[in-house]
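Thanks for coming. I will go through a few local features of one structure, helices to begin with and then some single residues.

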Amino acid sequence: MKIKYFILPALLTIAVVVSFALSASILINPAHYDRSSQKVSTQSSQIDAKPMSTIYSPTQVIRTKESGKQYVLTNQSVNLTTEIGQQMNNYKNPKFTEVKSDEENYLKYLNKDDSVMLNYPDSLNLKIVSQYISKSFKSLPNVSINRIMIPFDDSNDIYLFSDHNYKVYKIHVSDTNVKGIQKVIEDNVRAIPVKMKMINHTPFIDFYKSFDMPQYGYLINRTSQNYYVTRLLSDSQDISVKRHRSSTVYNDENSRQLSFSNNGEVNYYDSHPGNISTNMTQFLKDSYQNISQLLVSDTLANIRFFNYDAKNSSVVYRNYVEGFPIFDQTPYGAIEMRLVDNTSLKYNFSLNTLQIPVPTGRKDTKLITTDELLDSLRNHGYSANKITDIELAYQWSNTKSSDILITLQPTWFVKYNGKYMNYTQMLSKGPQ
């Protein structure tokens with residue numbers, strides 16, 4: 001008995017030590033993990049790992065109570081939009097009608113009592129949105145929308161909103177499953193008081209009370225350059241390599257270029273990508289297929305659609321934490337795909353990806369209200385007429401003490417003159 005008493009704890013201790021050692025080796029040299037995973041990874045398995053419905057799911061949940069009070073909801077345990085989408089998967093017999101509206105009525109709809117609203121960061125076609133709810137709306141007109149609202153009444157109606165032209169669409173279904181959705185948004189949620197308002201004739205979320213937001217630390221994984229060289233240029237017979245002070249550039253005979261900056265940014269240019277559609281729906285479907293086949297599957301874990309630019313035929317995806325976008329991972333988000341001269345594709349992305357959240361030991365950050373933000377910007381010479389969006393977001397910041405640890409700091413990002421800028425940096429720089 002004594003031998004058994006000592007041997008079992010000893011074996012358990014050894015197992016724990018080995019487990020920590022293996023985990024540490026992956027974190028310290030993640031390329032080891034990359035190479036082993038490449039051997040078993042296929043394009044189909046990567047696509048299945050994160051379906052299109054996840055990449056193009058809404059990113060934000062707003063609850064409007066019977067009293068009219070509104071709250072942005074977050075949950076540290078589950079992804080609220082994913083959970084709500086699962087409750088909407090069995091919507092049947094949709095009947096589509098357009099509701100007459102103007103700017104004033106549109107805002108009233110956005111503040112509808114006793115409802116939940118799911119927000120996208122930019123417009124999406126309904127055929128793409130339909131992926132989010134098991135293609136339940138795929139037969140409906142392919143209108144562009146920004147928001148989905150489910151009233152908590154007995155109407156079995158859903159409302160779709162387009163901020164661009166104040167369009168309101170009503171969809172009647174057999175059962176909106178209100179009870180299932182209510183259960184999701186009542187379990188372990190954090191509620192931040194807000195109000196839907198207009199800024200320069202564009203809807204935005206007014207955070208009218210100061211509030212605290214948590215900071216996060218994350219261990220990151222840096223994918224090896226060899227992974228992408230093999231993945232993107234493996235069919236080339238002649239590859240040239242040029243090493244510069246701040247970058248390494250690969251070219252092949254098929255007019256493809258792969259450039260790695262020392263800071264982890266990657267640019268990939270393909271002059272012969274095959275057929276490219278400029279139709280928004282098809283472009284976004286193709287983009288999803290391309291990034292799924294291009295990136296390591298783990299990279300897609302927190303990535304969501306952020307912006308589509310029809311003029312430049314480009315789409316941007318960002319990492320999200322609890323429904324809030326991350327800025328400054330790179331100048332273009334987590335990944336950007338752009339059509340160049342209607343014939344070529346250019347990808348911008350990062351070797352660095354979020355892996356494991358770690359405690360920071362820092363206190364929550366207190367954020368000012370959006371009214372205080374706007375007053376500060378005006379006092380520093382910024383024109384309110386050039387502000388078209390205000391985002392509660394996280395700033396990606398590298399840590400000097402470690403190459404594999406970053407911090408995510410909550411802050412405001414303001415879309416000024418068509419470009420998102422960190423509010424604090426705007427105050428320090430002034431209008432350019």
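Which residue caps the N-terminal end of α10? That is Asn279, with a side-chain oxygen placed 3.1 Å from the backbone nitrogen of Thr281. Please keep in mind that this is a predicted model, so all I describe is computed from it.

Staying with α10, this helix runs over residues 280–294, which is 15 residues. From its first C-alpha to its last it reaches 20 Å, close to the 21 Å expected at 1.5 Å a residue. Its buried residues are Met280, Thr281, Phe283, Leu284, Ser287, Tyr288, Ile291, Ser292 and Leu294. They sit on the same side of α10, because they cover an arc of only 165° around the axis. Thr281, whose backbone nitrogen takes part in the cap, is among those buried residues.

One residue on that list leads us elsewhere in the chain. Tyr288 of the buried set has its C-alpha 9.8 Å from that of Met337, although 49 residues separate the two along the chain. Met337 belongs to strand β19, residues 335–340. Buried or exposed, for Met337? Buried, at 2% relative accessibility.

Next, helix α8, residues 178–186. The buried residues here are Val178, Gly180, Ile181, Val184 and Ile185. They too share a side of their helix, since their arc around the axis of α8 is only 165°. On the face turned away from that buried side, α8 carries the exposed residues Lys179, Lys183 and Glu186.

How do we describe a pair of packed helices? In general, by the angle between their axes and the distance between the axes. For α8 the partner to look at is α5, residues 80–87. The two axes come within 9 Å and cross at roughly 165°. An angle over 145 degrees counts as roughly antiparallel, and α5 and α8 are therefore roughly antiparallel to each other. The crossing of α5 past α8 is right-handed.

Now two residues with unusual backbone angles to check on your screens. Ser134 has a positive phi of about 55°, and it is not a glycine. It is found in the loop between α7 (126–129) and β5 (144–151). With a relative accessible area of 44%, Ser134 is partly exposed.

The second is Tyr166, again not a glycine, with a positive phi of about 60°. This residue lies in the loop between β6 (157–162) and β7 (167–172). Is Tyr166 buried or exposed? At 17% relative accessibility it counts as buried; the cut-off for buried is under 20%.

Two more residues before I stop. Tyr120 is located in strand β4, residues 115–125. Its relative accessible area is 5%, so it is buried. Measuring C-alpha to C-alpha in the model, Tyr120 is 8.4 Å from Ile145, with their positions 25 residues apart in sequence.

Glu322 is in a loop, the one between β17 (314–321) and β18 (324–327). At 25% relative accessibility, Glu322 counts as partly exposed. Glu322 and Asn302 are 20 residues apart in sequence, and their C-alpha atoms are 9.6 Å apart in space.

To go back to the start: the item to look at on α10 is the Asn279 cap at its N-terminal end, and for the helix pair it is the antiparallel arrangement of α5 and α8. That is all I have.

How values were computed: Residues are numbered from 1 along each chain as its sequence is written. This is a predicted model: local features need pLDDT of at least 70, side-chain atom pairs count only at pLDDT 80 or more; totals for chains, interfaces and linings use all residues. Side-chain values use heavy atoms; hydrogens and water are left out. Helices (H or I, at least four residues) and strands (E, at least two) are DSSP runs, numbered from the N terminus. The expected span of a helix is 1.5 Å times one less than its number of residues. Buried means under 20% relative accessible area, exposed over 50%, partly exposed in between (1.4 Å probe, protein chains only). The arc is that of the directions from the helix axis to the C-beta atoms. A polar contact is a pair of N or O atoms within 3.5 Å; within protein, one must be able to donate a hydrogen and the other to accept it, and residues adjacent in sequence count only if both atoms are side-chain atoms. Axes are lines fitted to C-alpha atoms, for helices over the stretch in contact, and angles run from 0 to 180 degrees between N-to-C directions. Angles under 35 degrees count as roughly parallel, over 145 as roughly antiparallel, 65 to 115 as roughly perpendicular and the rest as oblique. A crossing is left-handed if the near helix is turned anticlockwise from the far one by less than a right angle, and right-handed if clockwise.
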